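Trainee: Hey, I've just opened this one. Can you walk me through it?
Mentor: Sure, let's look together.

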Amino acid sequence: MSTANDQPLKRALTTPLLYFFILGDVLGAGVYVLIGQVAADAGGAVWVPLAAALALALLTAASYAELATKYPRAGGASHYATRAYGPFAGFLAGFCMLAAGIVSVGALARGFAGDYLTAFVTLPVALVAVVFLAALALLNARGIQESTRANVVATVVELGGLAIIVVLGAWLLLRGDGDPARLTRLGTPEHGAAAAVLSGAVLAYYSFVGFETSVNVAEETRDPRRSYPRALFGALLTAGAVYVLVGLAASAAVPTGTLAASSGPLLEVVKAAGGVPVWLFSAIALVAVANGALLTGIMSSRLAYGMARDGLLPAVLTKVLPERRTPWAAIALTTALSMLLALTGSVATLASTLVLLLLVVFFMVNTAVLVLRRDPGVPGHFRAPTVLPVLGAASCVLLATRVEPEVWLRGLIVLGAGLVLAAVAAARRERERTPA
């Protein structure tokens, strides 16, 4: 086995592979269930909060593009916060990302073993979750290039499923069964137009979360300064266009109340249009869940590897396979924790805190851009206009005010644990630097 100090990660990602990596992570399972919830908050004009969420995501993406090209190495938000604010903030950012990623993979494993799979076969949830996560860990350890190639196939499948919805929505309108007037109805009895857009945008923002994981593979990208901004903005704009089209199709094809009441709103479009087997969407959803879990697992392991290399986690997590040069120790630890969450069922109580944790991270990243402007970094890196990280930080505060109080309570417990561990890690590093 080797450590990161004498054998860096392999640079294998091209711009197209990185583009599909980001696109596949953004186009996860969320879009298959969130349209109905957005409709419940915003009304028939679902496409408006989806477009607003895209604009908010692009603000923070600009900060990530600058920092990922300025410091192209694994660790992502944790590394940036460490550079800007010191090891305490770096550990806290990394802890929030790790907590969100590990819980997300555990939740996706349970989702894979749930209703979508029972359309084909019924197996114990615990058994499926363990086998599923073990298989993903092996693919992750095999190599970043192999993992991202599998992601390309899965992303094409996911896009195909969403394209079916767009085509079916158009077909319903052409045959006179849809109602295009719903596309201009913004607001609900409880919320006016402006409040409806903001409430819907908070939910829609969930659909764009995932782009931040890509910074952890910048070190494995062949030319991050050129490739990363193109892949990041290209993938987000592609996802945004797809989401808006899906929102238009679903809202025009199915009554808003039906969408809002359904846990599988896109299936309502399939049922209304006919001609496409319902089981087909179960298969597509399984691919989406598996792909999201794979990419989030890659992020979590690279983040743990980067934090360990920065001295924020035990050094054993920097060990990599000698031939594959993948962080096997970090993969093993993050997979084991995801298995524990999937088996205990505690994922459900933590899942609603994921966005809150990520908003904390995004706020730190947006402000870190401004603090680190004094450091030239890698020559020729991408530089975001100053107004973008300022607006990005403000958008995090705005969205956090829309988080429900009970979610804040759970989130503060997780953040409290992170603060304690961050203080311990900072004190340990200070002792290591102090001569005996």
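**Two helices, then the cysteines**

Mentor: Let's start with a helix contact in this predicted model: Phe21, Gly24 and Asp25 of α1 touch Asn291, Gly292, Leu295, Thr296 and Ile298 of α13.

Trainee: How do the residues of that contact divide into nonpolar, polar and charged?
Mentor: Across the contact of α1 with α13, three are nonpolar, four are polar and one is charged.

Trainee: And at what angle do α1 and α13 pack?
Mentor: About 120°, and the axes of the two helices are 8 Å apart. Helix α1 covers residues 15-26, while α13 covers residues 278-309.

Trainee: What do you call that, oblique or roughly perpendicular?
Mentor: Roughly perpendicular covers 65 to 115 degrees, so α1 and α13 count as oblique to each other.

Trainee: Is the crossing of α1 and α13 left-handed or right-handed?
Mentor: Left-handed, for α1 and α13.

Trainee: Switching topic: how many disulfides are there in the whole structure?
Mentor: The search turns up zero.

Trainee: Why no bond for Cys96?
Mentor: Its closest cysteine sulfur is the one in Cys396, and at 12 Å that's too far for a bond. A disulfide needs the two sulfur atoms within 2.5 Å.

Trainee: What about Cys396, which cysteine sulfur is closest to its own?
Mentor: The one in Cys96, again 12 Å away, so Cys396 has no partner in reach for a bond either.

Trainee: Are Cys96 and Cys396 buried or exposed?
Mentor: Cys96 is buried, at 0% relative accessible area. Cys396 is buried too, with a relative accessibility of 2%.

Note on methods:
Residues numbered from 1 in each chain as written. Predicted model: local features only at pLDDT ≥ 70, side-chain atom pairs only at ≥ 80, totals over all residues. Heavy atoms only, no water. Axes fitted to C-alpha atoms, helices over the stretch in contact; angles between N-to-C directions. Helix = DSSP H or I, 4+ residues; strand = E, 2+ residues; numbered from the N terminus. Parallel < 35°, antiparallel > 145°, perpendicular 65-115°, else oblique. Left-handed = near helix turned anticlockwise from the far one by under 90°. Contact = heavy atoms within 4.5 Å. Nonpolar A, V, L, I, M, F, W, Y, C, P; charged D, E, K, R; others polar. Buried < 20%, exposed > 50% of the residue type's maximum accessible area, 1.4 Å probe, protein only.
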